Amino acid sequence: MPAAANALRRWWPAFLVVLVVGLAYANALQAGFQFDDWEVIVRDPRVQSLAAWWDSLPGMRPLLKLSYALNHASGAGVAGFHAVNVVIHAGNGLLILFLVRAFATQLAETPAAAGWLALATALLFVLHPVQTEAVTYASGRSTSLSSLFALGSIAVWVHARETRDHAIPLLLVSPLLMLAGIATKEPVAIVPAVLLLWEAADASRPFRWRAAVGRTGVHWTLLGLALVLAFSLQAYRDFVTTSLATRSLAGNLVAQTEGIRYLAGQLLNIDRMNADPALPARLDLGARGALTLIVIVVAGGLAMTNLRRFPLPAFAVLWFFLWLAPTNSLLPRLDLVNDRQLYVALVGPALLLAAAIRRLAVHQAGLAVVTFAMVLGLTGLATHLRNDVYRDEVTFWRDVVGQSPHNARAFNNLGIALADQCDLARAEAAWQRALTLNPGYMRAAVNLQLLREGVLPEGVGPCGQGL
């Protein structure tokens, strides 16, 4: 009995994290394919079988495509894709549980305090509705699966650093997990910088740049080799060329200021998740942009200069900015922002909120418990409701146009979804709306013309005649 009690005491936080993921995402298994799913999962010949995947090598994001091929091979259908995504999300929650506990422990927190911070942060991470885009959206797996490898890489490195048991094998496993993450989605390249942040935030040990870089040297070396390999592939060279043609680097930095402001707002707007915000890329800073830039610079500057003095809040702030850096920095993107960019970055704000509630509990324990329960209840409910938006394409695109009434692409896609359900009058209205918003939008113009000629776009269901 004592052994069983000790096991329960040790593992119940992990069980709780998995349980709440299961409850919040139970209805995600009923979701359909949406948006990019059709191009990267359903119609991409490279992921229809393991043999097709093998024949497609080398290529971009091979491990992501392998996961899709394995899902197709399983025969579990669309529900199988969503089930795997939910399992991946639960795994990420467990890794956050381990990492935050390890971080709090190195700050000399008591086991009880470290356990609280870890559990609270992990629950906030898995329950926030902004995560649905990386979980319920099937092709959002690129973010959640790459994050699993990235967080696993950091966790292995932290374990080796703290225990010094089997350090050499573990430190080899950590860089290999990082490479697996990069082979799933490229932003995992930020992992070596995150490891340096971990070293710098450890106030219990002296920090020296040369020693810290040395302890992460294998990661930096393999990252360099991965970049060389990537640029040897035509697909990556084309990707960078297209990106650089999107907007200037200076203009992109200005535009991304607004992008970060939008993403920060999504942390609070739990009822306004948006799968396709189509945020305009403003190339003039303006008053709001200037204020946002000042906040970013001041917050980042204070965090860096106080990392040793106030390690927990400074670490949380810098974690947030570091994980946004690969997708909100120099390299321009066609779509300025999407909610899944916040997937791992969310850990920073979640840790700050967990620490604030813990501080409140010192003086008002009852109020702290009620506050935390309300936050978890509201975010969990918002996630469960958000999953319903993914059940079919009409519901999905109606939600998008409701959130982004300026989005011509969303109205065009709503028209296709309505045509697929034989609702031709509303499909025509949606395409007309798309052309009102963007008179030069050729896809909507072609769809509308085909409808008037009695022919529907390729890919629609029983009403479609194909092209």
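Two residues are in contact when heavy atoms of theirs lie within 4.5 Å. The structure looked at here is a predicted model, and a handy place to start is Asn306, which sits in the loop between α15 (286–305) and α16 (311–324). Leaving out neighbours within four places in sequence, Asn306 is in contact with Pro311 and Ala314. Its relative accessible area is 18%, and since buried means under 20%, Asn306 is counted as buried.

Next along comes Leu307. With neighbours within four places again set aside, Leu307 is in contact with Leu197, Ala200, Ala201, Ala314, Phe315 and Leu318. Leu307 also belongs to the largest nonpolar core, which has 84 residues. The members that touch the most others in that core are Ile154, Val191, Trp198, Leu307, Phe315, Trp319 and Trp323. Helix α6 (residues 111–127) supplies the largest share of this core, with 11 residues. Apart from this core lies another one, made up of 27 residues, among them Ala31, Val401, Ala410 and Ala427. As a general point, nonpolar side chains in soluble globular proteins tend to be buried together.

Over in helix α8 (residues 141–163) there is Ser153. Ser153 has 0% relative accessibility, so it counts as buried. Once neighbours within four places in sequence are left aside, Ser153 is in contact with Ser174, Pro175, Leu177, Met178, Val191 and His219. One of these, Val191, turned up above among the core members that touch the most others. Ser153 and Val188 are 35 residues apart along the chain, and their C-alpha atoms are separated by 10.0 Å.

Then there is the empty space. The second largest pocket holds about 600 Å³. It is lined by 25 residues, and the closest to its centre are Gly300, Met304, Leu318, Phe321 and Leu322. Elements giving two or more residues to this lining are α10 (191–201), α14 (249–266), α15 and α16. Of these, α15 gives the most, with six residues. Sorted by class, the lining of this pocket has 18 nonpolar residues, six polar ones and one charged. Leu318, listed here as one of the residues closest to the pocket centre, is also one of the contacts of Leu307.

Closed-off spaces turn up too: a search of the whole structure finds three cavities of 30 Å³ or more. The largest cavity takes up about 180 Å³. Its lining has 15 residues, with Thr143, Ser147, Pro187, Trp323 and Gln341 the closest to its centre. Helix α8, home of Ser153, gives the largest share of the lining of the largest cavity, three residues. By class, that lining comes to seven nonpolar, six polar and two charged residues.

The second largest cavity has a volume of about 70 Å³. Around it are Ile96, Leu99, Val100, Phe103, Trp198, Phe315, Trp319, Val347 and Leu351. The elements that give two or more residues to this lining are α5 (77–106), α16 and α17 (347–363). The most come from α5, with four residues. As for class, this lining has nine nonpolar residues, no polar and no charged. Trp198, Phe315 and Trp319 line the second largest cavity, and they are also among the members that touch the most others in the largest nonpolar core.

How values were computed: Residues numbered from 1 in each chain as written. Predicted model: local features only at pLDDT ≥ 70, side-chain atom pairs only at ≥ 80, totals over all residues. Heavy atoms only, no water. Buried < 20%, exposed > 50% of the residue type's maximum accessible area, 1.4 Å probe, protein only. Core = buried A, V, L, I, M, F, W, Y, C linked by side-chain atoms within 4.5 Å. 1 Å grid on protein atoms, 1.4 Å probe; cavity = no way out; pocket = protein on both sides within 12 Å on 5 of 7 lines; lining within 4 Å. Points joined across faces, edges and corners; volume = space filled by probe spheres on them. Nonpolar A, V, L, I, M, F, W, Y, C, P; charged D, E, K, R; others polar.
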